[in-house]
Amino acid sequence: MKAEGVGIVSYGTYVPRYRITPDEIGRVWGVDGVAMGKNLNIHSKSVPSPDEDTITISTEALRVAMTRGGIDPRDIGAVYVGSESHPYAVKPTATIVAQAIGATPNLTAADFEFACKAGTAAIQVCMGLVASGMIKYGVAIGSDTSQGAPGDALEYSASAGGGAFILGKDPIIAKINATQSYTTDTPDFWRREGQRYPSHGGRFTGEPAYFRHVTECGKGIMASEGTTPADYQHVVFHQPNGKFPQRAGKLLGFNEDQMRYGMVTPWIGNTYSGAALIGLANVLDHAKPTERILVVGYGSGAGSDAFDLTVTDNITNFDRQTGTPVQQDLDHGMTINYSIYAKFRGKIRLSGE
Amino acid sequence: MTVARFWRETLRRYNLGASKCPECQAVFFPPRSVCPNCSVHRKSLTKMEACQLSGRGEVYSYTTVHEAADGFEMQVPYVLALVKMAEGPMLTGQIVDVDPKDIREGLPVRATFRRLRADGDDGVIHYGYKFALENGAAAKK
Ligand SMILES: [Zn+2]
């Protein structure tokens with residue numbers, strides 16, 4: 001799918017400050033956390049403060065993008081927030097985020113849901129609206145504060161963070177050459193309405209779900225663009241842990257150099273809808289003009305969205321310092337123990353709650 | 001606080017909406033309709049301009065709260081500070097993501113968007129500004 005002339009005008013990310021290690025989580029459950037961390041290729045994961053949620057993370061990420069791009073909020077025609085942890089079941093995240101950046105009332109807004117790929121789905125919708133001339137700029141956000149049940153394998157990876165992308169035609173720092181999706185009905189991971197923690201299909205989550213969709217979608221977009229892995233300087237995958245994207249990259253024929261900047265989960269954990277977008281942001285933080293980027297997102301249920309991008313000359317003068325560059329979030333954080341973590345994440349419930 | 005009352009304060013809590021006196025340039029938060037500095041001359045009446053604080057300021061004074069207010073139980077101990085904004089007004093707000101022993105007067109802070117409180121498990125969630133140390137400010141002690 002093509003959307004002529006559309007690209008990324010600006011972007012911003014937000015990752016909560018706190019970190020916890022697999023070692024510390026394993027200590028509480030009598031599990032070898034160090035081995036667990038090695039298995040998942042996760043050194044630490046981010047933990048949100050009690051007063052942070054998908055709405056605050058989305059707002060902070062978008063404010064950074066607005067400032068970096070020098071965007072007038074009145075030029076924003078759409079705000080879409082993709083997440084599987086919207087604070088309200090009914091009452092949009094997007095309206096609060098739009099109000100908080102001063103873009104209301106003359107715009108359209110909605111929340112998107114598709115497990116971890118709701119943010120990339122939002123990018124595709126914005127591409128269409130911008131290309132058709134219906135709006136000047138569209139905002140696509142992927143953001144989550146996901147949780148694993150205490151003691152569950154997901155507890156070692158589920159973290160919090162988000163990325164905000166402003167799509168438009170001018171001036172763009174990266175052109176989106178094409179996008180392509182691969183979608184099937186695959187029950188690898190779900191959470192029923194009213195349930196606090198998600199359920200997953202165990203080993204079913206790997207081969208028929210993540211790997212099939214990511215590799216098929218990646219192959220598909222390269223086939224229609226007439227490219228091979230050698231044409232890309234950078235590749236970004238959805239990264240539920242640090243191991244899956246490494247293997248997906250190998251299966252598709254990418255090397256470690258190409259995957260280097262797109263990998264963020266080993267240091268901040270799986271930010272779900274934020275994961276591929278924060279990976280892309282880190283690539284853009286380091287990218288040079290003319291470099292080509294392949295992004296393949298994934299959402300359980302299941303589907304993959306791929307994007308083929310080319311960095312433009314505008315990246316040279318683009319403000320990549322306002323807010324927190326992704327590398328800083330990978331390198332720094334405030335490490336907490338399991339007691340503080342349990343308190344922060346509401347795993348301790350006060351009587352009467 | 002009622003849903004309606006909080007909603008009316010959205011501009012101020014979400015976006016730090018303030019007002020500025022065109023005569024003496026003083027900035028007020030919360031916004032005022034008349035400038036107290038110039039009110040003798042009634043010059044500012046109907047002329048106050050809406051503006052937005054940059055969110056940047058510095059810690060003027062602070063205290064560490066150990067006895068949580070309702071809804072803040074999970075955050076104790078936390079730092080509550082008077083923040084002198086770059087534009088002049090003094091705001092009260094929580095300083096987030098900081099060890100109370102790392103805070104001191106004069107540290108640069110910036111406004112950050114956070115959950116302020118939630119009305120129980122089924123009520124509305126209120127959002128607004130709190131403050132965070134500017135990148136690296138704590139490290140420079
Ligand atoms: Zn005055």
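Two strands pair if DSSP finds at least two bridges between them. I keep that rule at the head of these notes, and I also note that what I am reading is a predicted model.

**Entry 1: the barrel of chain B**

I began with strand β4 (residues 56–65) and strand β7 (residues 108–118) of chain B, which pair in the antiparallel sense over 3 bridges. Looking for a single partner, I found that E58(B) has P108(B) as its bridge partner in β7(B). I then followed the sheet from strand to strand, and in chain B the order β4-β5-β6-β8-β7 makes a closed barrel of 5 strands with mixed pairing. On average, neighbouring strands of this sheet are turned by 45 degrees against each other, direction ignored. Chain A also takes part here, for its helix α3 (residues 54–69) packs on the sheet and touches β7 and β8 of chain B. The direction of that helix makes about 150 degrees with the direction of β7(B).

**Entry 2: chain B as a whole**

I stepped back to see how the barrel fits into its chain. Chain B has 2 helices and 8 strands, and along the sequence they follow the pattern α-α-β-β-β-β-β-β-β-β. Its C-alpha trace spans about 50 × 40 × 25 Å along the principal axes. Of the 141 residues in chain B, 42% are buried. When I looked at contacts in chain B between residues at least 6 apart in sequence, I found that 48% join residues at least 24 apart.

**Entry 3: a lysine in β8**

Is K130(B) buried or exposed? I looked up this lysine in strand β8 (residues 125–133) of chain B, and its relative accessibility is 2%. It counts as buried because buried means under 20% relative accessible area. The side chain of K130(B) makes a polar contact with the side chain of Q75(B), at 3.5 Å. Leaving out residues up to four places away in sequence, K130(B) touches a list of residues that includes D51(A) of chain A, as well as F72(B), V96(B), R110(B) and L116(B).

**Entry 4: the zinc ion**

Which residues coordinate the zinc ion? I found C21(B), C24(B), C35(B) and C38(B), each through its SG atom, at 2.3 Å. The angles among the 4 donor atoms run from 105 to 113 degrees, and the site is tetrahedral. For comparison I wrote down that the ideal angle for four tetrahedral donors is 109.5 degrees. In sequence, the donor residues are spaced C-x2-C-x10-C-x2-C. The pair C24(B) and C38(B) links distant parts of the chain, 14 residues apart: C24(B) is in the loop between β1 (17–20) and β2 (27–28), and C38(B) is in the loop between β2 and β3 (49–52). I also compared their accessibility, and C24(B) is partly exposed at 31%, whereas C38(B) is buried at 9%. Q25(B) is in the loop between β1 and β2 of chain B as well, and it has a positive phi of about 70 degrees although it is not a glycine. The relative accessible area of Q25(B) is 45%, so it counts as partly exposed.

**Entry 5: backbone details in chain A**

I went on to chain A and looked up its peptide bonds and phi angles. The bond from T104(A) to P105(A) is cis, with omega near 5 degrees, and P105(A) lies in the loop between α4 (93–100) and β5 (108–112). A cis peptide bond also joins D170(A) and P171(A), with omega about -5 degrees, and P171(A) is in the loop between β7 (160–168) and β8 (174–186) of chain A. K91(A) is not a glycine, yet it has a positive phi of about 135 degrees; it is found in the loop between β4 (76–82) and α4 of chain A, and it is partly exposed at 35% relative accessibility.

**Entry 6: a helix and a threonine in chain A**

In helix α1 (residues 22–29) of chain A, the buried residues are P22(A), E24(A), I25(A) and G26(A). Among the elements that cover them are α2 (33–40) and α12 (338–344) of chain A. Just after this helix, G30(A) takes a positive phi of about 65 degrees. My last stop was T312(A), in the loop between β13 (301–311) and α11 (326–331) of chain A. Its relative accessible area is 18%, so T312(A) is buried. Residues up to four places away in sequence aside, T312(A) touches I172(A), I173(A), A174(A), K175(A) and P289(A).

Definitions and conventions
Residues are numbered from 1 along each chain as its sequence is written. Chains are lettered from A and ligands numbered from 1 in the order in which they are written. This is a predicted model: local features need pLDDT of at least 70, side-chain atom pairs count only at pLDDT 80 or more; totals for chains, interfaces and linings use all residues. Side-chain values use heavy atoms; hydrogens and water are left out. Donors are N, O and S atoms within 2.8 Å of the metal (3.2 Å for Na, K and Ca); water is not among the atoms, so sites may look incomplete. Four donors count as tetrahedral if all angles lie between 85 and 135 degrees; four count as square planar and six as octahedral if opposite donors are over 155 degrees apart and all others between 65 and 115; anything else is irregular. Helices (H or I, at least four residues) and strands (E, at least two) are DSSP runs, numbered from the N terminus. Buried means under 20% relative accessible area, exposed over 50%, partly exposed in between (1.4 Å probe, protein chains only). Contact means heavy atoms within 4.5 Å. A polar contact is a pair of N or O atoms within 3.5 Å; within protein, one must be able to donate a hydrogen and the other to accept it, and residues adjacent in sequence count only if both atoms are side-chain atoms. Axes are lines fitted to C-alpha atoms, for helices over the stretch in contact, and angles run from 0 to 180 degrees between N-to-C directions.
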